[in-house]
Amino acid sequence: MSIIQVESIMREHALHARAPYEPDYEDGSAFCNGRYVPIDQGAVPITDPGFLHADAAYDVVTVSRGNFFRLEDHLSRLEQSCERFLLSNPYSRDQMREILNNLVAKSGMKDAYVWWSVTRGTLARELKKRIDPGRYDNGMYAFVAPYFFQAPDDIRNRGFNILISKRYRRIPPKSVDPTAKNFHWMDMKLALYEAGAAGKDWAVLVGTDGNLAEAPGANIFIVKNGELFTPAEGCLEGITRRSVLELAAELGVKANLTTVTPEELVTADEAFTCTSAGGIMPIGTVDDKQIGSKAGAGPITEQLHNMYWEKRWSGWHATPVDYSAAAKC
Ligand SMILES: Cc1ncc(COP(=O)(O)O)c(C=O)c1O
């Protein structure tokens with residue numbers, strides 16, 4: 001068995017061929033200020049505290065072979081993130097389903113990255129208004145772009161070369177709740193640039209407690225003695241992480257939500273990161289040390305990787321996109 005070449009399948013397989021779309025929507029679509037526009041015309045008001053102060057929540061769902069994956073789970077998570085950050089989406093859940101469907105339909109993309117955010121909205125000038133979240137008019141912005149792989153086929157084949165960040169710690173959960181999907185990315189971005197400068201592909205960060213937290217935009221798993229281990233806390237409760245836990249249960253592989261130390265990662269039999277933006281990504285090396293006895297994905301990682309895509313493409317947690325909606329919006 002080997003890793004399914006997902007990126008080349010998406011590029012070449014007839015079931016991934018793009019549906020008809022207007023030429024302006026070649027690069028994608030956006031929903032801003034209540035209107036559908038080509039993605040390069042998408043804009044947010046410059047004084048929105050979402051932009052100024054990261055005062056916002058967001059989520060990302062993906063589409064492959066013309067189906068949303070776990071759409072309801074992503075809609076629920078965004079609602080929870082809004083609740084935790086005292087935000088209120090001006091659009092109902094039914095309206096969100098319709099807007100996200102319309103955006104994908106307008107792009108014609110069968111494999112898509114679907115991003116949406118609820119922002120605090122217009123800037124409040126008076127102090128009284130500034131300190132009362134109920135007195136802002138929250139905004140909602142969304143876009144659809146081509147499906148995005150954190151690790152494309154070639155990197156998934158050989159495995160991610162990972163740096164455990166030496167310079168940055170994940171922002172503490174008591175500062176910004178990592179289970180609410182948020183814009184506080186500077187720790188993760190700087191860790192990524194640190195990894196790039198060290199000649200690595202990606203980073204992982206430990207929390208202020210010294211245990212592994214997560215990777216920029218992804219959760220982390222290790223495999224040891226046939227069991228899975230993933231951080232229980234200090235990270236986003238990723239929807240792909242949830243899918244991995246379901247797949248592991250199906251395979252009869254025990255999964256432990258616990259603390260994972262950097263040392264346990266370096267000495268793991270196998271390891272991988274996982275995210276909506278690319279699925280399951282095998283780790284090849286950590287701090288230059290090879291994970292497992294050979295390069296590339298270990299057997300459990302490979303099985304999970306392939307099951308994830310095979311099941312998605314056969315309708316697992318799928319909501320079909322209605323491409324005929326493009327003509328009506
Ligand atoms: C910080 C962080 N952790 C984990 C993930 C993975 O979450 P999901 O699997 O829901 O995409 C993401 C996704 O963007 C993220 O931003």
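A molecule sits in a pocket if more than half of its atoms lie within 2 Å of the pocket's grid points. By that rule, the ligand in this predicted model sits in the largest pocket.

**Stop 1: the pocket.** Select the ligand and zoom in on the largest pocket, where the ligand sits. Two elements give two or more residues each to the shell around the ligand: helix 8 (239-251) and strand 13 (270-275). Colour both before moving on.

**Stop 2: the shell.** Now show the residues that surround the ligand, 16 in number. The closest are Lys-181, Glu-214, Ile-239, Thr-240 and Ser-276. By type, the shell divides into seven nonpolar, six polar and three charged residues.

**Stop 3: the polar contacts.** Select Thr-240 and look at its side chain: an N or O atom there is 2.6 Å from an oxygen atom of the ligand. Next, select Ser-276, which has a polar side-chain atom 2.7 Å from an oxygen atom of the ligand. At Ile-239, look at the backbone instead, where a polar atom is 2.8 Å from a ligand oxygen atom. The protein covers 94% of the 390 Å² of accessible area that the ligand has on its own.

**Stop 4: Asp-269.** Leave the ligand and select Asp-269, in the loop between helix 9 (262-266) and strand 13. Is Asp-269 buried or exposed? Its relative accessible area is 33%, and it counts as partly exposed because this value is neither under 20% nor over 50%.

**Stop 5: a distance to draw.** Add Ala-195 to the selection and join its C-alpha atom to that of Asp-269: the two atoms are separated by 22 Å. Along the chain, Asp-269 and Ala-195 are 74 residues apart.

Notes
Residues numbered from 1 in each chain as written. Predicted model: local features only at pLDDT ≥ 70, side-chain atom pairs only at ≥ 80, totals over all residues. Heavy atoms only, no water. Near = heavy atom within 4 Å. Polar contact = N/O pair within 3.5 Å; in protein donor to acceptor, adjacent residues only side chain to side chain. Areas by Shrake-Rupley, 256 points an atom, 1.4 Å probe, with all protein chains shown as cover. 1 Å grid on protein atoms, 1.4 Å probe; cavity = no way out; pocket = protein on both sides within 12 Å on 5 of 7 lines; lining within 4 Å. Helix = DSSP H or I, 4+ residues; strand = E, 2+ residues; numbered from the N terminus. Nonpolar A, V, L, I, M, F, W, Y, C, P; charged D, E, K, R; others polar. Buried < 20%, exposed > 50% of the residue type's maximum accessible area, 1.4 Å probe, protein only.
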